[in-house]
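This report describes strand pairing and salt bridges in one protein chain. Please look over the sequence and the model before reading on.

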Amino acid sequence: MIFRQLIEPDSNTYTYLLACPETGQALLIDPVLDTLQRDLDVLQKLDLKLMYTLDTHHHADHLTSARLLRERTGCQVVYPAVEKPDCADIGISEGQPFKMGSVELSPLFTPGHTSHHHAYLLDNGTQKMLFSGDALLIEACGRTDFQSGDAATLYRSIHEKLFSLPDETLVYPGHDYEGRFVSSIAQEKVRNPRLGGGKTLEEFVSIMNGLDLPYPRKIDFAVPGNELCGTCPPNVPEEYRGPCDLHEQG
Ligand code: FE
């Protein structure tokens, strides 16, 4: 498999490129509008054809580039079926493996950060890689205090669906704010300060309720824009319009 971990630095979002070397087909997990051209350049450099974009959920901190990537490459836009927007081409669900050449992903329904969040597990026989979206982060987890978030639901998702994976499973998160790239299920089960070391549901809910996080700076345009597969709505503030203006002209 061909694999690249790519970062969008303004929102500290990781975009993952997975490709099948035999067919030259590629997919992108959580591509970001701001780094559309960078992703197209990477695909070209690797001589890959983009077949799919997969979003883990409707993001609140950045706009997806799914719609524009479809316009530029002819790829198909994939979303969790439980909240698939009309603009998406394919809805995926847990229990239905998603195949592209030799790349096979198992969607895992992991609500709590949002009610429709899915993580994607890749197991090619020699490696297990979990693309955990914003459910499980390195020594952290996605926030649960906006959109359709719920801390108790996230606790159950992580314990039942993710911490039950083999210890050696590598965890590739949707974000990291401290320059870390990868963790493992074993490490998070022990070291995650919110969930690890046997933290109870009550302890976790109390930690999440006490985080006192600032209001997400892009949420007012990112969520409605992402429900349209990454269309810039008219209310994008001037300071964030750069990627919108660039691609509308292009
Ligand atoms: Fe998120």
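The text below covers a run of paired strands and then the salt bridges.

The model is predicted. Strand β3 (residues 25-29) pairs with strand β4 (residues 49-54) in the parallel sense, over five bridges. Within this pairing, threonine 53 of β4 is the bridge partner of leucine 28. Together with helix α1 (residues 36-45), β3 and β4 make a right-handed β-α-β unit.

Strand β4 also pairs with strand β5 (residues 76-80), in the parallel sense and over three bridges. Here threonine 53 stands opposite valine 77 in β5. From β4 the chain crosses through helix α2 (residues 66-73) to β5, and this β-α-β crossover is right-handed.

The count of salt bridges comes to 14. The table lists three of them, with the distance between the closest N and O atoms.

| Basic residue | Acidic residue | N to O distance |
|---|---|---|
| Arginine 38 | Aspartate 39 | 2.6 Å |
| Lysine 161 | Glutamate 94 | 3.0 Å |
| Arginine 191 | Glutamate 139 | 2.8 Å |

Aspartate 39 is buried, at 1% relative accessible area, while arginine 38 is partly exposed at 25%.

Lysine 161 and glutamate 94 meet in a salt bridge. Lysine 161 lies in helix α3 (residues 151-162) and glutamate 94 in the loop between β6 and β7, so the pair ties together parts that are 67 residues apart in sequence.

Arginine 191 forms a salt bridge with glutamate 139. Because arginine 191 lies in helix α4 (residues 185-191) and glutamate 139 in the loop between β11 and β12, this pair ties together parts 52 residues apart in sequence. Glu139 and Arg191 are also linked with Asp176, Glu178 and Arg180 in a network of salt bridges.

Definitions and conventions: Residues are numbered from 1 along each chain as its sequence is written. This is a predicted model: local features need pLDDT of at least 70, side-chain atom pairs count only at pLDDT 80 or more; totals for chains, interfaces and linings use all residues. Side-chain values use heavy atoms; hydrogens and water are left out. Two strands pair if DSSP finds at least two bridges between them. Helices (H or I, at least four residues) and strands (E, at least two) are DSSP runs, numbered from the N terminus. A crossover is right-handed if, with the strands pointing away from the viewer, the path from the first strand over the helix to the second runs clockwise. A salt bridge is a side-chain nitrogen of Lys or Arg within 4 Å of a carboxyl oxygen of Asp or Glu. Buried means under 20% relative accessible area, exposed over 50%, partly exposed in between (1.4 Å probe, protein chains only).
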